[in-house]
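Me: Could you take a close look at one part of this structure with me, starting from what sits around a bound molecule? Please explain each term when it first comes up, since I am new to this.

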Amino acid sequence: MSDCIFCDIINKESPADVVYEDNKFIVFKDIKPSAPVHLLLVPKEHIPSINYLTEEHKEMMGELILLAKKIAKEQGIEEGYKLAFNTGRKGGQLVDHIHLHLMGGWE
Ligand code: AMP
Ligand code: ZN
């Protein structure tokens, strides 16, 4: 176990309801959903937040957005969804491992 819950999920040391995984990303259901579909798209590299991104992350972050589009389609919510990066405590960030919220499924 590490001191990062998302690293623990990535390392299979904590459980999660995983809907997608490849060598760079893991996608799982938010444990406390605030939408009918609420997934977290998490890069496997431990980056604490958007504020820690550098030029070397440009390609990976582009892939993350394209993955969000793909997962939204797979989840049947491509008609409308929200993507959010909470950043810093004042931005509502509680888990200090960068993640993209994918929320949708409202009528
Ligand atoms: P944020 O406030 O942007 O840092 O979002 C963290 C999100 O992670 C919250 O929506 C939590 O409900 C969610 N969360 C925290 N722990 C877990 C976990 N073990 N499995 C799934 N989601 C989690
Ligand atoms: Zn981490």
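Reply: Around ligand 1 there are 16 residues, and D30, G92, L94, H99 and H101 come nearest, where a residue counts as near if one of its heavy atoms lies within 4 Å of the molecule. Please keep in mind that this is a predicted model, in which local features need pLDDT of at least 70 and side-chain atom pairs count only at pLDDT 80 or more, while totals for chains, interfaces and linings use all residues. Residues are numbered from 1 along each chain as its sequence is written, chains are lettered from A and ligands numbered from 1 in the order in which they are written, and side-chain values use heavy atoms, leaving out hydrogens and water.

Three of these residues can be followed down to single atoms, through polar contacts (pairs of N or O atoms within 3.5 Å). The side chain of D30 brings an N or O atom to 2.5 Å from an oxygen atom of ligand 1, and the side chain of H99 has an N or O atom 2.8 Å from an oxygen of the ligand. L94 takes part with its backbone instead, for one of its polar backbone atoms is 2.7 Å from an oxygen atom of ligand 1. Taken alone, ligand 1 exposes 500 Å², of which the protein buries 83%; such areas come from the Shrake-Rupley method with a 1.4 Å probe.

Q93 belongs to the loop between β4 and β5, where strands are DSSP runs of E with at least two residues and helices are runs of H or I with at least four. Q93 counts as buried because its relative accessible area is 3%, the cut-offs being under 20% for buried, over 50% for exposed and partly exposed in between (1.4 Å probe, protein chains only). The side chain of Q93 reaches the backbone oxygen of P48 at 2.9 Å, and a polar atom of that side chain also lies 2.8 Å from the backbone nitrogen of G88.

The loop between β4 (81-84) and β5 (100-104) also holds H97, and this residue leads to the zinc ion, ligand 2. Its protein donors (N, O and S atoms within 2.8 Å of the metal, or 3.2 Å for Na, K and Ca) are the SG atoms of C4 and C7 and the ND1 atoms of H46 and H97, which lie 2.0 to 2.3 Å from the ion. The angles among the four donor atoms run from 103 to 116°, and the site of the zinc ion is tetrahedral, a word used for four donors if all angles lie between 85 and 135 degrees.

Read along the sequence, these donor residues follow the spacing C-x2-C-x38-H-x50-H. The pair of C4 and H97 links distant parts of the chain, with C4 in the segment before α1 (5-10). Although C4 and H97 are 93 residues apart in sequence, their C-alpha atoms are 7.3 Å apart in space.

How buried or exposed are the two cysteine donors? C4 has a relative accessible area of 7% and is therefore buried, and C7, at 14%, counts as buried as well. H97 is buried too.

Notes:
Four donors count as tetrahedral if all angles lie between 85 and 135 degrees; four count as square planar and six as octahedral if opposite donors are over 155 degrees apart and all others between 65 and 115; anything else is irregular. A polar contact is a pair of N or O atoms within 3.5 Å; within protein, one must be able to donate a hydrogen and the other to accept it, and residues adjacent in sequence count only if both atoms are side-chain atoms.
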